[in-house]
Protein chains: 2
Amino acid sequence: MSKVTCHQSISLDGFTAGPNQSLQNPIGEGGMRLHQWMFDTAAFMRMQGQPGGSEGADSDIVEELGSNRNVGAYIMGRNMFDAGRGAWDESWKGWWGEDPPYHAPTFVLTHHPRAPIPMQGGTTFYFVTDGIESALRQAKEAAGDKDIQIAGGADTVRQYLRAGHVDELNLHLVPLTLGSGERLFQDVAGLELTITRVIDSPTVTHLTYRVGLR
Amino acid sequence: MSKVTCHQSISLDGFTAGPNQSLQNPIGEGGMRLHQWMFDTAAFMRMQGQPGGSEGADSDIVEELGSNRNVGAYIMGRNMFDAGRGAWDESWKGWWGEDPPYHAPTFVLTHHPRAPIPMQGGTTFYFVTDGIESALRQAKEAAGDKDIQIAGGADTVRQYLRAGHVDELNLHLVPLTLGSGERLFQDVAGLELTITRVIDSPTVTHLTYRVGLR
């Protein structure tokens, strides 16, 4: 059955981005270190057409994420689509080049109406101006039996968590503290989760939860 | 070799106590739920001289904690010793009855000088008025080759983390969010941890880290 999933890399003190987010550095100071575990994997290098990288549990997770096998649609916030670009730019087609890694309908939450942008490889960006419920409805319709993944950023994830719409939460818990920045769970009270999978690697702990709300 | 350790039960959103801590409820609303996994174990029931409880990974952890085998001294904050008691009370001997579960010298950080209190079973409470460095020095001397455990609360743990004095941090990650309360890692930036053990149970994830500071 179709479910709503989400993957987030998170510091031990709960941040998905570092402090002082800016145009030049949209994930904040130190924020990139939360994603380093991915860049170091063989699976990531293969996606870039490069040799090298480490095999193992982390690489298997990246492989699983990159294969998108069960994901029929994505939802992302406007900031993820164009963070740091300042004013809304009608010519901007996202960060990911002509063939974005989504390969599925991707619904972008925004206040600016815009025609869909079909990209290569199966990704089409749709712009949703009437809120998270509408985006989820459209994503579900597009995904059919497959899953919907909330791609991010943290603010978008939080909105779906608070509304009780996330079925499965995957946290990649990175063993460092940032001290400040953007908290994934800021004011997200009352989640009751069930541990469904723990994958232990030397560098990151991969936690999968089924999500309920009190 | 002697090391400084610490165990904390923590919510997925980083709280070790819930909101609205008060005289009546020193661990705050919902805070007790962070410790429920312990109360449910067979090891905990045995410590109370009771039958029942669940065997398994959680119980093994409680057994390990309760046996205190490698702990030669404890350090705790004043609030842990007498939280909710209001004014300093010279007759107060802690929450744990005549035979506290520490069975070792236990150094209480306070601003109030007081003579040591020898209890049954090997626990003696010493009151340290000249700060965390002094308490650690005294605890190390008392512990010899054994470990020093920072018993809590979160504020005391934070002080030792910030000062770079904690060698090993054990987090018992409880899959729920409290939304507000006392954050273990409030303003603790720059920790660089190494995952040394992950024990997966259906109810809690037990994470052990070696702690470094950038």
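Modeller: Start with one definition. To compare copies, we superpose them by least squares on the C-alpha atoms of residues with pLDDT of at least 70 in both. Keep in mind that this is a predicted model.

Colleague: Which rotation and shift superpose chain A on chain B?

Modeller: The general idea first. Two copies of a chain are related by a rotation about an axis and a shift along it. Here the rotation is 180° and the shift along the axis is 0.0 Å, with an RMSD of 0.0 Å. The two copies are thus related as by a two-fold rotation axis. Look for A:Gly14: of the residues of chain A, its C-alpha comes closest to that axis, at 3.3 Å.

Colleague: How many residues does each chain bring to the contact?

Modeller: Chain A gives 25 residues and chain B gives 25 residues. In chain A, the elements that give two or more residues to this side are strand 10 (191-200) and strand 11 (205-213). Strand 10 gives the most, with seven residues. By class, the chain A side has 14 nonpolar, seven polar and four charged residues. The same surface serves both copies, as 100% of the contact residues of chain A recur in chain B.

Colleague: Now the interior. Which residues have the most contacts inside the largest nonpolar core?

Modeller: They are A:Ile75 and B:Ile75, in a core of 108 residues. Take B:Ile75 and set aside residues up to four places away in sequence. The residues it touches include B:Phe107, B:Leu109, B:Ala135, B:Leu136 and B:Ala139.

Colleague: B:Ala135 brings me to helix 5 of chain B. How far does that helix reach?

Modeller: Helix 5 (132-143) has twelve residues and reaches 16 Å from its first C-alpha to its last. That is close to the 16 Å expected at 1.5 Å a residue.

Colleague: Which of its residues are buried, and why do they line one face?

Modeller: An α-helix has 3.6 residues a turn, so residues three or four places apart point the same way. In helix 5 of chain B, the buried ones are B:Ala135, B:Leu136, B:Ala139 and B:Ala143. Seen down the helix axis, the buried residues fall within an arc of 100°, so they line one face. On the other side, B:Glu133 and B:Glu141 are exposed. The cover over the buried residues includes strand 3 (71-77), strand 4 (105-109), strand 6 (124-128) and strand 7 of chain B. Just after the helix comes B:Gly144, with a positive phi of about 60°.

Colleague: Where else does phi turn positive, in a residue other than glycine?

Modeller: One case is A:His103, with phi near 55°. Find A:His103 in the loop between helix 4 (78-82) and strand 4 (105-109) of chain A. A second case is A:Asp187, not a glycine, with a positive phi of about 55°. A:Asp187 sits in the loop between strand 9 (182-183) and strand 10 of chain A.

Colleague: Is A:Asp187 buried or exposed?

Modeller: Count neighbours. The cut-off for exposed is 12 or fewer other C-beta atoms within 10 Å. A:Asp187 has 11, so it is exposed. A:His103 has 17 inside 10 Å, so it counts as partly exposed.

Colleague: Last, the peptide bonds. What is omega for the bond from A:Gly152 to A:Gly153?

Modeller: Omega is near -5°, and the bond is cis. A:Gly153 lies in the loop between strand 7 (147-152) and helix 6 (154-162) of chain A. In chain B, the bond from B:Gly152 to B:Gly153 is also cis, with omega near -10°. B:Gly153 is in the loop between strand 7 and helix 6 of chain B.

Definitions and conventions: Residues are numbered from 1 along each chain as its sequence is written. Chains are lettered from A and ligands numbered from 1 in the order in which they are written. This is a predicted model: local features need pLDDT of at least 70, side-chain atom pairs count only at pLDDT 80 or more; totals for chains, interfaces and linings use all residues. Two residues are in contact if their C-beta atoms, placed from the backbone, lie within 7 Å. Helices (H or I, at least four residues) and strands (E, at least two) are DSSP runs, numbered from the N terminus. Ala, Val, Leu, Ile, Met, Phe, Trp, Tyr, Cys and Pro count as nonpolar, Asp, Glu, Lys and Arg as charged, and the others, Gly among them, as polar. A nonpolar core is a set of buried Ala, Val, Leu, Ile, Met, Phe, Trp, Tyr and Cys residues joined through C-beta atoms within 7 Å. A residue is buried if 20 or more other C-beta atoms lie within 10 Å of its own, exposed if 12 or fewer, and partly exposed in between; C-beta atoms are placed from the backbone. The expected span of a helix is 1.5 Å times one less than its number of residues. The arc is that of the directions from the helix axis to the C-beta atoms.
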